[in-house]
Each structure stands twice: as structure tokens, then as C-alpha cells.
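Me: I'd like a close look at one part of this protein: the greasy spot on its outside. Can you walk me through what makes it up and how it fits into the whole?

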Amino acid sequence: MNKLMLFFDWIYRLLYLNALWVLFTVAGLVVFGLFPSTTSMFYIAKEWLNGNKDFPVFKTFFTKFKEEFVRSEIIGAIVVGIAVLLYFDLQFFFQKDGTIFYILRYLMLTVAFLYVMILAFLFPLFVQMKIPLGEFFKNVLFISITRILHSVIMAAGCFTIFVVFAKFAGLFIFFFGSTIAFWLTWNAKIALNKIHQKREIYQ
């Protein structure tokens, strides 16, 4: 009975958190809401996974939305800008023939792969690291590369969740965002713990 109650408790949490994410994204007209609300969602997911459940969720979500608005928008602009640049570069190189374009094509595919790996760690680490953005991106890049297998698992899990939820509109609308947030945050927590353990061994 306790396990059943715990299951429904987490279902409610995922549903509520996803609703807040959608609500604040729409309230910010998507452009000004998506990334701050995503940051807030990952922060709540982090707190819950750390065992902190006794706090006002809506108030905390709103507070983080305001506190991290500017930094989140900057990160969002960088993420979208790089994605657009990669898309047009890949389109261009795949339409051209020749050895140089063949090399550049696979070079850009490698960059795109690394970009996806970085995205997997981006928000889980963003809500934990209170450091300048330049240093933050260096840390994310380092962790993504040194924990490349973990990055691949995280990205593959997100793709699987998307495929499964896309087949069921109800699941996609009500649980997609929060499920992704929990999956990435949980895995990032495991990866960081392993990094800390290795550091302790070599110190």
C-alpha cells in the first residue's frame, strides 16, 4: 500500500511540475518563458531528488523563474543560436560534393554530436553551479566529454521518452517536460557523484 501511495505521489509531482513548466512558458509567450521555466523545473526536480520535499513548490518555481530569468535567457539564446548555425551548416555541407565538403560534413556531425551531449548536462548542472557563465560552459564541456558514455545514455533516454510519449498525446502533454527533467537530473547526479569519488581517491 505504501509503495502504491508513493507511486501516485510521484505521478502527482510530475504532473504538477509539468503543468507549472507549461504555464510559465506560455505566460512568457514561449520566447521569454521557455528557458526560465525550464531552469525552474530542473531546480525543483533537483530538490526532490535530493530528498527535499517540504517546500512551497509554486512559490519556489516562481522565485527561481525571476532570479534566473536573465541568465536563463542568455543560455537559451546561445543554445538556440548554436542549433540554428549547426542546422544550416549541415544543410549546406550535405548539398555540396567534393573531398573538402565530405570532411567538413563529418566534422560538423561530430560537433553536432558533442552539442547534444552538452545539452544533456546543461540544465542539471546549471541549477547546481552558481558560477560565471563562461566558467560554467567550460565545466559542462569538461563533464560531457569525460562522462561521454553517461551523456550518450542521457540523450538516448530522452529520445526514448520522446518516442514513447509521442505515441500517447496525454502523456506527452502532461508529463513530457517533467519526466525529461527527472531523467536528466537523476543521471547527472550519478555522474557528479562518480566524479567526486574519483577526485577523493586521487587527493
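Reply: First, a bit of vocabulary: a helix here is a DSSP run of H or I at least four residues long, and helices are numbered from the N terminus. Keep in mind that this is a predicted model. With that in hand, reading along the sequence gives the pattern α-α-α-α-α-α-α-α. That's eight helices and zero strands.

Now for your spot. Leu 15, Phe 159, Phe 162, Val 163, Phe 172, Ile 173 and Phe 174 make a nonpolar surface patch of about 640 Å². Where do they come from? Helix H7, covering 148–166, and helix H8, covering 169–202, each supply at least two residues of the patch.

Let's zoom in on one member, Phe 174, which sits in helix H8. Is Phe 174 buried or exposed? Neither, quite: its relative accessibility is 46%, so Phe 174 counts as partly exposed. The cut-offs are under 20% for buried and over 50% for exposed, with partly exposed in between.

Stepping back, the protein's accessible surface comes to about 12100 Å², and 73% of that belongs to carbon and sulfur atoms. As for the inside, 40% of the 203 residues count as buried.

What about the overall shape? A compact globule with 203 residues would have a radius of gyration near 17 Å, and the protein has 18 Å, so the two agree. Along the principal axes, its C-alpha atoms fill a box of roughly 65 × 50 × 35 Å. And if you take contacts between residues at least 6 apart in sequence, 70% of them join residues at least 24 apart.

How values were computed: Residues numbered from 1 in each chain as written. Predicted model: local features only at pLDDT ≥ 70, side-chain atom pairs only at ≥ 80, totals over all residues. Heavy atoms only, no water. Patch = residues over 30% accessible without salt bridge, like charges linked within 9 Å, V, L, I, M, F, W, Y side chains within 5 Å. Areas by Shrake-Rupley, 256 points an atom, 1.4 Å probe, with all protein chains shown as cover. Salt bridge = Lys/Arg side-chain N within 4 Å of Asp/Glu carboxyl O. Buried < 20%, exposed > 50% of the residue type's maximum accessible area, 1.4 Å probe, protein only. Rg over C-alpha atoms; globule rule 2.2 N^0.38 Å. Contact = heavy atoms within 4.5 Å.
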